[in-house]
Each structure stands twice: as C-alpha cells, then as structure tokens.
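These are my notebook entries on one protein chain. I set down what I looked up, entry by entry.

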Amino acid sequence: MESILKKINGPEDLKKLNVSEKQVLAEEIRKEILEVVSKNGGHLASNLGVVELTIALHSVFNTPDDKIIWDVGHQCYTHKILTGRKEQFSTLRKLNGIAGFPKVCESEYDTFNTGHSSTSISVATGMARAKKLMGDDQTKVIAVIGDGSMTGGMALEALNDAGSSKTNIIVILNDNEMSISKNVGGIPLFLSKLRGRKFYSKSNEGVKKFMLQVPVIGNPTVKIVQKIKDAIKQILLPNMFFEDIGFTYLGPVDGHNIDKLESILETSKKISGPVLVHVITKKGKGYKFAEETPENFHGVSSFDLKTGEKIKKSGKDYSKVFGEKLVELAEKNEKIVAVTAAMKDGTGLKSFSEKFPDRFFDVGIAEQHAIGMIAGMAKEGLKPVLAIYSSFLQRGYDQLVHDIALQKLPVVICIDRAGIVGNDGETHHGIFDLSFLSSIPNLTVMAPKDFEELKNMLEFAVNFDGPILIRYPRGGENHKFTRKLSIKLGKAELIRQGKDITIIGIGKTVGKAVEVAELLKKQNINSEVINARFLKPLDEKFIVKSIKKTGRVATIEDNTLKGGLGSSVIELVNKSNLQNIKVETFGYDDCFVPHGGTEELEKIYKQDVESIAKQLAKS
C-alpha cells in the first residue's frame, strides 16, 4: 500500500482524505515521529498523544487563516509534518534544522512562538479581540492547551477574561492527566469528574429557542425550563466551571477517534462566542514504553526504539546530586521541605518525594505561586527548598522581589538548567538568571564548579539566615577538581596562581577557565584562576588584589554579558579606581540563542575553550 503521508504536502491535501485514510495517516505519522525522536531526542509522549487531534484540527479549520496557538508548543511535531515540513522533519532540533517548538519564522502555519506553558489562551484572546475590532467575524482562533498547563495562573486569568469576551475563540483542552510529572491540584481533580460524566448537551440558547417556539406557554416556560436545566447540571456536572464563566462546553470526546473529533470541532465552528472542547487523549499513544511511563518519555535523548532504553547512558548529573544531598540534609533537619512546580523528576526530587511525602510539595505549573508559597513557609519557621529550571524562574520575578527579597526570608532556591541547555532553544536556555538576580537587593547568589561544591553550597544554604540561590547547569561535571574548600559567605576560591592575567569563572565556567589557562601557558602566559563562587556578594577584596597583581582580568560566564559576572567585575574595577586595567568579558551577546547542540552553540558564539584562549592570547 502506498504511503498516505507521502501525498500530504499541506492541510489542503489532508482535507481530501476520508476518515479511514486519516487513521492510517495517523499511524504513519507516529512511526515518523518515533524514528526521528529516537535519533534526535525531543518531546515524545506529548506528541504521540495529539496525532489524531492535530489531523482533525487541520481537516476542519481553514489554516493558516484560522489561527492555532499551541500551548508550550512541545506537541507540535504532527502539526509541522502536516504543514509542509515533513521533508525537513529529520533535522528536528538540530543546528539550523527545524525547531522543536512553533516558530513563526519557519512557517505561516506557526501562528505564535511558544515554549513555556499557560500562555495560549491569553494570546488567542488577544488575537480574537483584534479580529473582532477589525470587523472579522469569520476567522476562528484556536488555543490548544493541556490539562497540566491549566494549573498555571496565567491560563486561569485568561479563561476568566476570555469567557466574557464574546469573541470567536475556541479552547481545545487536551486532557491526558499529565504535564511532565503526574498532574496535581484541584483542577485535575475537577477534570477527572468531567471525564466520568456524560456531557449535558443542550446549551442555554438551544433550550430557549426551542421553548420560545412552543405555543401559549412561551416566555414563562423558558424560566421554568432554565431552572430545571440548572438543577440537572448540578446533578450531572457539579462545578461546571467553564459554562459558568461564559464558555460553551463541548465534550468530553475521544481524542483518538478522528470521526468524533471532526464532528465536535465542526460543531464548535458554528457556535458564536467562546467555546471549550474537552478532548481526552493518552500521552505516549501508540508506543508501549511511552504509554506505560509517559513521564520518562516527555523530553528524551536518543533511545533504542525496540527496548525504549536510552542509547547514551550518562552517570550522575547536577539534578541527581542535588536530590541526593537534600535527602541527606532533610534526614537531619525536619524543618527542610522541598517544593517544585511540576518538575519532580527533572529536578531530582523523586527520591525526596518518596522518603518524605509529607514534606514534599508539587504545586503544578505555577511558578509564581511556588515562590509565594515558600515565602509563607519560611515566615512560619520552615526551611523551604524550591527546585526550579532557570528559564521558568523568570516567571516568578515579582515574587522574588516582593515576597522574598524585600522581607529577607530564609528560603533556598536551587536553579537547575542554568546556562545553555542545547536543543530546546531560546525559550529554555538559562542565560539570564545571573543578570536578573544581580539587580535584586538582599539576595545571595552562588554557583558550584562541580558536584562536591554543590553539596557544600546546599549544606551552607539550608543553614543560612536569608534568601539564597544556587544555580547549576544541565548534565554532569565538565572538569574534575581535587582541592576542596569550605564555603564561607562571599568568599571566592583561588584555583591557581599566576602573574599575567586574572581569569574569573563562576559555576561550570571555572573548569573552562582552568582549561583556558592551560592553553595560555603553552604561549607563556601565566594565568591566575579564580572561582568566584558568589555573584552576590562578590569577593571584592580578593578579586581586586588579584587584578592589581596581574594588571589584566577576564571573566567567563554561561550567561548574557549584560548584568552578570562580567558587568559586576567592571563595576568593581571602576569603583576601586583601578587604572590601566584591561577587562575582557566572555558570555553571550545581547540576543536570544537558537537551538542546537551545546558544544556547537559555544563554538558559534566563541564561548568554547579554544576561542577564548585564542582571543586572550592575541589581545
């Protein structure tokens, strides 16, 4: 049988197929996704779960005129395959290849760039309002959002507004009972009730129109029937949140039945005003291992398709070391509690959650709430430790300022995935944290050079009386250090002595600084290497002493150059009135770094050891 996928070059070809052909197409797409992701890595389980839904969306709606906004966007692989990028799909997440998230620069079908959760309904509401103001009442704007993303405050704010917007917005609630880890909180519990009840199909308008046509009784009967309808809703669908805030609710519908999906989506097109379509899908659909453990196949590296095992097995990483050390500390200190925002496994807190279930709190995709909550915990005498990805911490900036720093509350925030993270690209690189943290008073900011220093910093942090943050990269150590020094507030570490140049690193760039020094030594340049350890407070006295000795300083950081370590050292040089000092800073320019392998990106941006050494040798 000839491949159906080969015939699909865009949604117009999709519309020519019958339902049976589309079902075959769905299996061909699943096979293609599995083949590519098993080699390139990427988001697997979420994409396998929305194949039929994506086919139905592009069959029913007139894309790209009708707008589809994918929440997070990590489930857009089928969408990309169906919208003219199947030939490029093998380049997924590779340098100069197609991105793992929607990108407007790639295709007119990618309506909006996404990468973080809970944004789609806000964006869709804005687009729908714009269409309405411009007199366009035909275009449909569709937000596809998972139930995990519905735990985000931004999504709830948007629902509240969109329900009263009277715009042609359609929210597709992709309910798979999962985000990355198992969903938690009241909203997933509410949705589980909806899954178990038959949909109450009559809308308010439908009942009214029918009853107004009945002779004699007319208007008075409408009020009676409405009361009956409300009573039935209370029985069949308690807490019918969506209808109560202004949406017409359709569903639940089987998200893997294309015929039923197309039927309910066609119905949604005919309804005036905000509509919510509740779709039930299975994360990891069609791949046994992903269905059984979807959390293990959310974001994956390359793996063996036959066994589901990762091909590249690495040893410990920073997340695991953090998790193990926190368990050890919590055994000695019962006031230590761990908090995460839907990232239990990714941040290394799985063991803690199993050993101390009553002291572990997963708040769902709600970073602002997580930071506000740990402020309350600290205020009442607990020692909360929040584990969060660097790029997600951005979402809680105001809470860092208002709830934590202003009151000097003794919380510990461990920032995972700091620096360049590779193939997920712009939305996930953690290259801004040093900069936005350096501007907030009362914060103490640290970064370990290796695993052992992370352990020591964590032990220091849980005994520290004030807000303290530890940032560390994705993956493992990049350099082995033998000499260990205890942690003292605001004290840097001398790694090697030198007389020609002071090289200051922080976090994983300390190892890079040592390697740069080794290359410079071959050119008779004697480098003094300093592990800053603390960005705030910076060890000013020690650094100034070194700079005075060498007369030249270079900083290396896996952060944007604006506002980070380099900026802090430049300010120190000026403040100390040091004359004729040459300062060179290495970090990322004022730009968003695209997706690609970490080593590839470092070479492109001249942040690799060879490029830095070459620049320092010639200057």
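**Entry 1: strands β10 and β11, and their sheet**

I began with strand β10 (residues 383-389) and strand β11 (residues 412-418), which run parallel and are joined by five bridges. I note at the outset that the model is a predicted one. Within this pairing I looked up Leu386, and I found that it stands opposite Ile413 in β11.

I then followed the sheet outwards. Seven strands form it, in the order β9-β8-β10-β11-β13-β12-β17; the sheet is open and its pairing is mixed. I checked which strands lie at the edges: they are β9 (360-362) and β17 (534-536), each of which pairs on one side only. For the twist from one strand to the next, I record an average of 20 degrees.

I next asked which strands helix α16 (residues 367-379) lies across. The answer is β8 (336-340), β9, β10 and β11, and the helix runs at about 165 degrees to β10.

**Entry 2: strands β5 and β6**

I looked up the pairing of β5 with strand β6 (residues 275-280) and found it to be parallel, over five bridges. Asp254 stands opposite Ile280 in β6. I also checked the cover of strand β5 (residues 248-254): five of its seven residues are buried, and I enter the strand as mostly covered.

**Entry 3: the chain as a whole**

I paused here for the totals. I count 25 helices and 19 strands in the secondary structure of the chain. Of the 619 residues in the chain, 58% are buried. Among contacts in the chain with a separation of 6 or more, I find that 76% come from residues 24 or more positions apart.

**Entry 4: Ile501**

I located Ile501 in strand β15 (residues 501-505). Is Ile501 buried or exposed? Its relative accessible area is 0%, so I enter it as buried.

I then looked up its neighbours, leaving out residues up to four places away in sequence. Ile501 touches Ile525, Asn526, Ser527 and Glu528, and also Thr550, Arg552, Val553, Ala554 and Leu616. For one of these, Thr550, I took the C-alpha to C-alpha distance from Ile501: it is 5.0 Å, although the two are 49 residues apart in sequence.

**Entry 5: Ala513**

I found Ala513 in helix α21 (residues 509-521). This residue is buried because its relative accessible area is 0%. Beyond residues up to four places away in sequence, Ala513 touches Ile503, Val529 and Ile556. I also looked up Ile612, which is 99 residues from Ala513 along the chain; their C-alpha atoms are separated by 9.0 Å.

**Entry 6: Thr560**

I placed Thr560 in strand β18 (residues 552-560). Why does Thr560 count as buried? Its relative accessibility is 5%, and the cut-off for buried is under 20%.

I asked what the side chain of Thr560 reaches. It reaches the backbone oxygen of Tyr588, at 3.4 Å. Tyr588 is also among the residues that Thr560 touches, together with Ile431, Phe432, Ser435 and Asp589, when residues up to four places away in sequence are not counted.

**Entry 7: aromatic pairs**

I turned to the rings and noted 17 aromatic pairs in the structure. One pair that I looked up is Phe241 with Phe242, which is edge-to-face, with 5.5 Å centre to centre and 65 degrees between the planes. I checked the exposure of each partner. Phe241, at 35% relative accessibility, counts as partly exposed, whereas Phe242, at 3%, counts as buried.

A further pair is Phe297 with Phe303, also edge-to-face, at 5.7 Å centre to centre and with 80 degrees between the planes. I find both Phe297 and Phe303 buried. I also asked which residues form one aromatic cluster with Phe297 and Phe303. They are Tyr287 and Phe289.

**Entry 8: charges over rings**

My last search was for charged side chains over aromatic rings. Arg359 lies over the face of Phe356, at 4.4 Å from the ring centre. I recorded Lys449 as well: its charged end sits over the ring of Phe481, at 5.3 Å from the centre.

Terms used: Residues numbered from 1 in each chain as written. Predicted model: local features only at pLDDT ≥ 70, side-chain atom pairs only at ≥ 80, totals over all residues. Heavy atoms only, no water. Helix = DSSP H or I, 4+ residues; strand = E, 2+ residues; numbered from the N terminus. Buried < 20%, exposed > 50% of the residue type's maximum accessible area, 1.4 Å probe, protein only. Polar contact = N/O pair within 3.5 Å; in protein donor to acceptor, adjacent residues only side chain to side chain. Contact = heavy atoms within 4.5 Å. Phe/Tyr/Trp six-rings, centres within 6.5 Å; stacked < 30°, edge-to-face > 60°. Lys NZ or Arg CZ within 6 Å of the ring centre and 35° of its normal. Pairing = 2+ DSSP bridges. Axes fitted to C-alpha atoms, helices over the stretch in contact; angles between N-to-C directions.
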